[in-house]
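This report describes a protein chain through its overall build, its nonpolar core and a selection of individual residues. The sequence and structure are shown first.

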Amino acid sequence: MKQTAQILYILLASLIHAAGQTGTIQGIIQDTKIGETLIGASVKIMGTELGTATDLDGFFSIERVPAGE
């Protein structure tokens, strides 16, 4: 019984840790027809309030993105 409780505790702790993980999504937005990067393009994670706009080089970075998004 004690071993079962320990295994259950480890599994629950792993799930809670995984659920709390976040990451960063970054990239460059480029117009493929003309090969130029897009300045000020809006980038948003659908279903969330997370988003940003590209900089002068077309680069964007969104931090604290929940795992699986």
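## Overall build and confidence

The protein contains one helix and six strands. Read from the N terminus, these elements follow the order α-β-β-β-β-β-β. The model is a predicted one, and its confidence should be considered before any detail. The average pLDDT of the protein is 77, and 71% of the residues reach a score of at least 70. Confidence is lowest in helix α1 (residues 2-19), where the mean is 52, and highest in β5, at 93. Where pLDDT is low, predicted coordinates should not be read in detail.

Of the 69 residues of the protein, 14% count as buried. The accessible surface of the protein amounts to about 5,700 Å², and carbon and sulfur atoms hold 59% of that area. Among the contacts in the protein with a separation of 6 or more, 40% are between residues 24 or more positions apart.

## The nonpolar core

Which residues make up the largest nonpolar core? The core consists of five residues, namely V43, I45, F60, I62 and V65. Strand β6 (residues 59-66) makes the greatest contribution to this core, supplying three residues.

Of the core residues, F60 may be followed through its contacts. Apart from residues up to four places away in sequence, F60 touches I25, Q26, G27, I28 and I29, together with V43, T52, A53 and T54. V43 is itself a member of the core.

Strand β6 also holds R64. Phi of R64 is near 60 degrees, a positive value in a residue that is not glycine. Is R64 buried or exposed? R64 counts as exposed because its relative accessibility is 63%, over the limit of 50%.

## Strand β5 and the loop that follows

A53 is placed in strand β5, the element with the highest confidence. With a relative accessible area of 41%, A53 is partly exposed. Its contacts, leaving out residues up to four places away in sequence, are with G40, A41, S42, F59 and F60. A53 and L38, 15 residues apart in sequence, have C-alpha atoms 9.7 Å apart.

T54 belongs to the loop between β5 and β6. T54 is buried because its relative accessible area is 7%, under the limit of 20%. The side chain of T54 reaches two backbone atoms: the oxygen of L38 at 2.6 Å and the nitrogen of A41 at 2.8 Å. Both L38 and A41 also appear among the residues that T54 touches beyond four places in sequence, along with I29, I39, G40, V43, F59 and F60.

## The loop between β4 and β5

The loop between β4 (42-44) and β5 (51-53) holds L50, and T48 lies in this loop as well. T48 is buried, with a relative accessible area of 16%, whereas L50 is partly exposed at 25%. A polar atom of the T48 side chain lies 3.0 Å from the backbone nitrogen of L50.

Outside its neighbours within four places in sequence, L50 is in contact with V43, K44 and I45, and also with I62, E63, R64, V65 and P66. The C-alpha atoms of L50 and I62 are 7.2 Å apart, with their positions twelve residues apart along the chain counted as the separation.

## Strand β3

T37 is found in strand β3 (residues 36-37). T37 counts as partly exposed, its relative accessibility being 32%. Leaving aside neighbours within four places in sequence, T37 is in contact with I28, I29 and Q30, and with L56, D57 and G58. D57 is 20 residues from T37 along the chain, and their C-alpha atoms are separated by 6.3 Å. A polar atom of the T37 side chain lies 3.5 Å from the backbone oxygen of D57.

## Polar contacts of threonine side chains

The side-chain contacts of the threonines described above are collected here.

| Side chain | Backbone atom | Distance |
|---|---|---|
| T37 | oxygen of D57 | 3.5 Å |
| T48 | nitrogen of L50 | 3.0 Å |
| T54 | oxygen of L38 | 2.6 Å |
| T54 | nitrogen of A41 | 2.8 Å |

How values were computed
Residues numbered from 1 in each chain as written. Predicted model: local features only at pLDDT ≥ 70, side-chain atom pairs only at ≥ 80, totals over all residues. Heavy atoms only, no water. Core = buried A, V, L, I, M, F, W, Y, C linked by side-chain atoms within 4.5 Å. Buried < 20%, exposed > 50% of the residue type's maximum accessible area, 1.4 Å probe, protein only. Helix = DSSP H or I, 4+ residues; strand = E, 2+ residues; numbered from the N terminus. Contact = heavy atoms within 4.5 Å. Areas by Shrake-Rupley, 256 points an atom, 1.4 Å probe, with all protein chains shown as cover. Polar contact = N/O pair within 3.5 Å; in protein donor to acceptor, adjacent residues only side chain to side chain. pLDDT = per-residue confidence, 0-100.
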